Amino acid sequence: MIYQGEALSVQLLQDGIAELSFDGKGSINKLDRATLLSLEQAVTALEQTPDLNGLMLTSRKDAFIVGADITEFLDMFDLPQARLDDWLSQANRIFNRIEDLPFPTVSLVRGYALGGGCECILATDFRIGDVSARIGLPETKLGLMPGFGGTVRLPRLIGADNAMEWITTGQDNKADVCLALGVLDAVVDTDKLQASAIQLLKDAALGKQDWQAKRAQKTAPLTLDKLEAAMSFNTAKGMVAAKAGPHYPAPMMAVTTIEAAARLDRDQALRIEQSNFITLTQTSVARALVGIFLNDQFIKSKAKQAVRAAEPARKAAVLGAGIMGGGIAYQSAVKGIPAVMKDINDQALTLGMNEAGKLLNKQLERGKIDGTRLATVLTGITPTLSYDGLQGVDTVVEAVVENPKVKAQVLAEVEAHVADDTVIASNTSTIPISTLAKSLKRPERFCGMHFFNPVHRMPLVEIIRGEQTSDDTINRVVAYAAAMGKSPIVVNDCPGFFVNRVLFPYFFGFNQLVADGADFVQVDRVMEQQFGWPMGPAWLLDVVGIDTGHHAAAVMADGFPERMGKSGKDAIDVMYEQQRFGQKNGKGFYDHRRDRKGKPVKEADPESHELLATVAGERSDFEPDDIIARMMIPMINEVVLCLEEGIIDSPAEADMALVYGIGFPPFHGGVFRYLDKMGLAAYVALADKFAHLGPLYHVSSGLRQMAADNKTFY
Ligand SMILES: NC(=O)c1ccc[n+]([C@@H]2O[C@H](COP(=O)([O-])OP(=O)(O)OC[C@H]3O[C@@H](n4cnc5c(N)ncnc54)[C@H](O)[C@@H]3O)[C@@H](O)[C@H]2O)c1
């Protein structure tokens, strides 16, 4: 044994060949600070061991190293910059020392070698993987960029263009791609990894493999002439600007880092990387994106607890084969939980099955699945017009029309046809769960399960706990949502639950802006381009459906009359009265059609401007900041109320529900991260400026107190 640490060890194998093996405490290897320290000691031990002829880096886990320890990030970013600099310098010193060892080195890669794990294997002269190898630098997805030499070694190994693609997209890459590009020197059977590595090191020691040339390539400047360089970097910048956009600075920073370091040797290039990495750690975007990653881990861990506590769903039933029911049955079957899909209408069943077929065919065309898989999924959905098919079903999702009477009847009927311990969930978007529960004999076995449209794509499922819902019911439905590959978040019951309750105040802010003379096209543009929403409010209403929005707005006004009560006709009413239901019938705020490729396109429609003029004051231009404030304050205040009232359990879950349910711009991290960034006192001052607009703009006393006490949510 040459070295033994907590997360790794080094031993002598044979013929002067040493193996440094990562073996972290948990189920995976991470490059956390403790592991780095250990790695440093191991390298010192290697440097001091005489007569070594080669080194291989391996992992005792199924994956090599999954990356740095992201749970350490936010605290670390708060450190004085000199300390951050020390951390990066330490890591870079270690990898440089590995790269400079006086004998050849090779990494053996099974499974993931991501982020710091990828940068670690880039420090060795060779890399051999098996087919399970997945290599990549995902840092830009967290608003960061590689900081342990990735922007320096990868372009020198596979060329600037390939490296920029890897780094700016953050995708991981399969073994065959890595082999073709030269990130891997060979791909061999898993059981031959070690023997191949030993052979390679022996060959290298005998001079049959020019390991020093490999090393020189990584430590020298990039081999690009001026013209090539200009072309490469300009193309990359153009692509990154178009794809990442102005709200996500990390990919562009990665490109300019590689460019600035192109003519420099390793050590000078690393200094540029280090300094730019630190710049990114200080951005609110990195904080927001790292925060989202950590929040996602948090909701996953909560779902895992439910999965451990509950009986898994084995057979489901979905009532209603419409847009939502069809989507839910499909998603269930795709994830291996067969679903009976019941409707009262034969045509609806056909439509539901056709939709599932279309989704599967698309995957078949793209080569993602084969015909057998397509058939298996389709036979997992059983269309039926009768309740007889529901025998043996343990989980029911009701997704019939949004009508309380119909739902009450359907729920009572289905309860009579299933076992006592079958859980029943409603996908209602507006009717309180405790109201629907009244039609059931076993309200403790009932809860809400609010999916978002389109079901197969939207990650969030809101699970709504009614007054009488039991913990076991919640656990089983959470476990079912998780098994469907979704991110379940449990909320308490109230009109609109969490997501719609906070979305509608935003729409009411929109109504009021239009009433005060704002142009809905300008509002959309500002909310999309400046705030970063995927769709502005008018466009979103058109996509949701004006009829649906109109109905839900009435429910919210009823539920919260003091804040959301109506004071006359508004923009949504105008569209509704004119039966301009949005995308579904071609006209809403916008004119909708399909282009030649069948892609939906929209255009501002002068007619809707005329119609809106009937409920609006004189047309006036608004400052973008005022539009953002007037749109966002109602939503933010409502989100805060939901936390104060216990509708949602934590800022982390609220922020994830917003990002996953309605596409809240990830670079803001969610409402609570946004508030923390802005500072609560600054927010209160801003909201107070708009207090004259009505109760939706009034800050809660709780938030006012937090601001006075200089508190934060995270
Ligand atoms: N569409 C959305 O964006 C969306 C999003 C979230 C939640 N929801 C909710 O999902 C539910 C369904 O909405 P949708 O958009 O899929 O509606 P839809 O009109 O597309 O489908 C409703 C289906 O229910 C069927 N149905 C009616 N009565 C029935 C009965 N007694 N038994 C069985 N089936 C019956 C209808 O034939 C129809 O096929 C509603 O509660 C809605 O509020 C919809």
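How much space lies in the largest cavity? In this predicted model, the answer is about 30 Å³. The structure holds 1 cavity of 30 Å³ or more, so to speak of the cavity here is to speak of that one. Its lining is made up of Arg563, Pro634, Asn637, Glu638, Leu641, Pro695, Leu696 and His698. Sorted by class, that makes 4 nonpolar, 2 polar and 2 charged residues. Helix α27 is the top contributor to the lining, with 4 residues.

The same helix turns up again in the packing of nonpolar side chains. The largest nonpolar core has 107 residues, and the members touching the most others are Phe498, Met527, Phe589, Met632 and Met635. Helix α27, which spans residues 624–644, gives the most to this core, namely 11 residues. Take Met632: leaving aside residues up to four places away in sequence, its contacts are Tyr506, Met527, Phe531, Trp533 and Phe664. Apart from this core lies another, of 74 residues, with Leu57, Val109, Leu184 and Ala262 among them. Cores like these fit a broader habit: in soluble globular proteins, nonpolar side chains tend to be buried together.

Now for a shorter stretch, helix α6, which runs over residues 160–169. Its buried residues are Ala160, Ala163, Met164, Trp166, Ile167 and Thr168. The cover over them includes the strands β8 (134–136) and β9 (172–174), along with the helices α5 (150–158), α7 (175–181), α10 (226–244) and α11 (250–260). Just past the end of α6 comes Gly170, with a positive phi of about 75°.

Terms used:
Residues numbered from 1 in each chain as written. Predicted model: local features only at pLDDT ≥ 70, side-chain atom pairs only at ≥ 80, totals over all residues. Heavy atoms only, no water. Core = buried A, V, L, I, M, F, W, Y, C linked by side-chain atoms within 4.5 Å. Buried < 20%, exposed > 50% of the residue type's maximum accessible area, 1.4 Å probe, protein only. Helix = DSSP H or I, 4+ residues; strand = E, 2+ residues; numbered from the N terminus. Contact = heavy atoms within 4.5 Å. 1 Å grid on protein atoms, 1.4 Å probe; cavity = no way out; pocket = protein on both sides within 12 Å on 5 of 7 lines; lining within 4 Å. Points joined across faces, edges and corners; volume = space filled by probe spheres on them. Nonpolar A, V, L, I, M, F, W, Y, C, P; charged D, E, K, R; others polar.
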